[in-house]
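Biologist: I should like a close look at a single part of this model, namely the sheet together with the helices that pack around it. Please give a connected account.

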Amino acid sequence: MSRSHRITLSGVDFIPDLSGALFAPDFSALLVADLHLEKGTSLARRGVHLPPYDTRESLLQLKAALEATRPRRLIFLGDSFHDLGARGRIDASDLALLRAITAAADTIWITGNHDPAPPQDLGGVIIGETALGPVSLRHQPKTLRAGEAEISGHLHPAAAIHARGRRIRCRCFIADGKRLIMPAFGSYTGALNVRSEAFEGLFGDFHVWMIGAKAVHRFPASQVR
């Protein structure tokens with residue numbers, strides 16, 4: 001996990017990880033968003049053939065993040081499965097790995113737009129939203145009530161900066177003091193630039209935490225293109 005960065009919402013600290021996970025030490029909780037398990041097999045059905053190992057790669061990254069943090073709770077922020085048929089397409093060995101992961105911590109599956117009814121035989125509980133103290137956890141960002149803070153996924157944020165004469169673009173966490181949107185964890189998920197229309201009105205003076213090859217890098221909004 002990153003040891004040099006903390007993102008604070010309503011007095012709660014969260015540590016961003018190179019994998020795209022987020023650790024809440026005060027609650028011993030690991031958060032992940034948008035795994036989109038079995039996206040590869042979904043694309044194959046439409047004639048887009050990619051190596052069918054995205055689920056395994058995503059789960060191995062998640063296993064490594066769990067081993068690094070040893071959380072009591074594991075919280076999926078929705079779109080964990082790419083579609084309603086994903087459960088039936090997961091390889092048996094990957095299913096065994098997923099069940100071992102959910103058995104290692106108290107697991108919560110938050111529903112998403114891709115998986116409004118996640119499988120019920122993989123461990124954990126399924127809910128629409130939850131919270132860590134004053135911070136609400138949900139799949140899609142919502143209008144915030146007075147005093148409310150929120151962590152969500154759904155938008156798959158990425159940011160770009162110019163450095164040393166070239167443009168660098170990476171997945172990122174984006175946050176101000178009230179809202180944080182997590183990057184997509186899944187191996188085949190795309191990413192949407194934080195300067196796109198989808199992010200308009202969601203943030204005040206924000207920062208991004210860009211996921212580089214070896215470290216997480218923090219930049220203010222003024223440097224993001």
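Modeller: The account that follows begins with the sheet and then turns to the helices. The model is a predicted one. Its sheet is open and has seven strands, ordered β1-β2-β3-β4-β5-β6-β7, and the pairing is mixed. At the edges lie β1, residues 7–9, and β7, residues 125–127, each of which pairs on one side only. From one strand to the next, the twist averages 25 degrees.

At the β7 edge, the partner strand is β6, which spans residues 106–110; β6 and β7 are joined in the parallel sense over three bridges. Within this pairing, Trp109 stands opposite Ile126 of β7. Helix α2, residues 54–69, packs on the sheet and touches β3 (22–24), β4 (29–32) and β5 (73–76). The direction of α2 makes about 160 degrees with that of β4.

Helix α2 also meets a second helix, α4, which covers residues 92–103. The two axes come within 10 Å and cross at roughly 25 degrees. Since angles under 35 degrees count as roughly parallel, α2 and α4 are therefore roughly parallel to each other. Their crossing is left-handed. On the α2 side, the contact is made by Thr55, Arg56, Leu59, Leu60, Leu62, Lys63 and Leu66. From α4 come Ser93, Asp94, Leu97, Leu98 and Ile101. By character, the residues of this contact between α2 and α4 divide into seven nonpolar, two polar and three charged.

Notes:
Residues are numbered from 1 along each chain as its sequence is written. This is a predicted model: local features need pLDDT of at least 70, side-chain atom pairs count only at pLDDT 80 or more; totals for chains, interfaces and linings use all residues. Side-chain values use heavy atoms; hydrogens and water are left out. Two strands pair if DSSP finds at least two bridges between them. Helices (H or I, at least four residues) and strands (E, at least two) are DSSP runs, numbered from the N terminus. Axes are lines fitted to C-alpha atoms, for helices over the stretch in contact, and angles run from 0 to 180 degrees between N-to-C directions. Contact means heavy atoms within 4.5 Å. Angles under 35 degrees count as roughly parallel, over 145 as roughly antiparallel, 65 to 115 as roughly perpendicular and the rest as oblique. A crossing is left-handed if the near helix is turned anticlockwise from the far one by less than a right angle, and right-handed if clockwise. Ala, Val, Leu, Ile, Met, Phe, Trp, Tyr, Cys and Pro count as nonpolar, Asp, Glu, Lys and Arg as charged, and the others, Gly among them, as polar.
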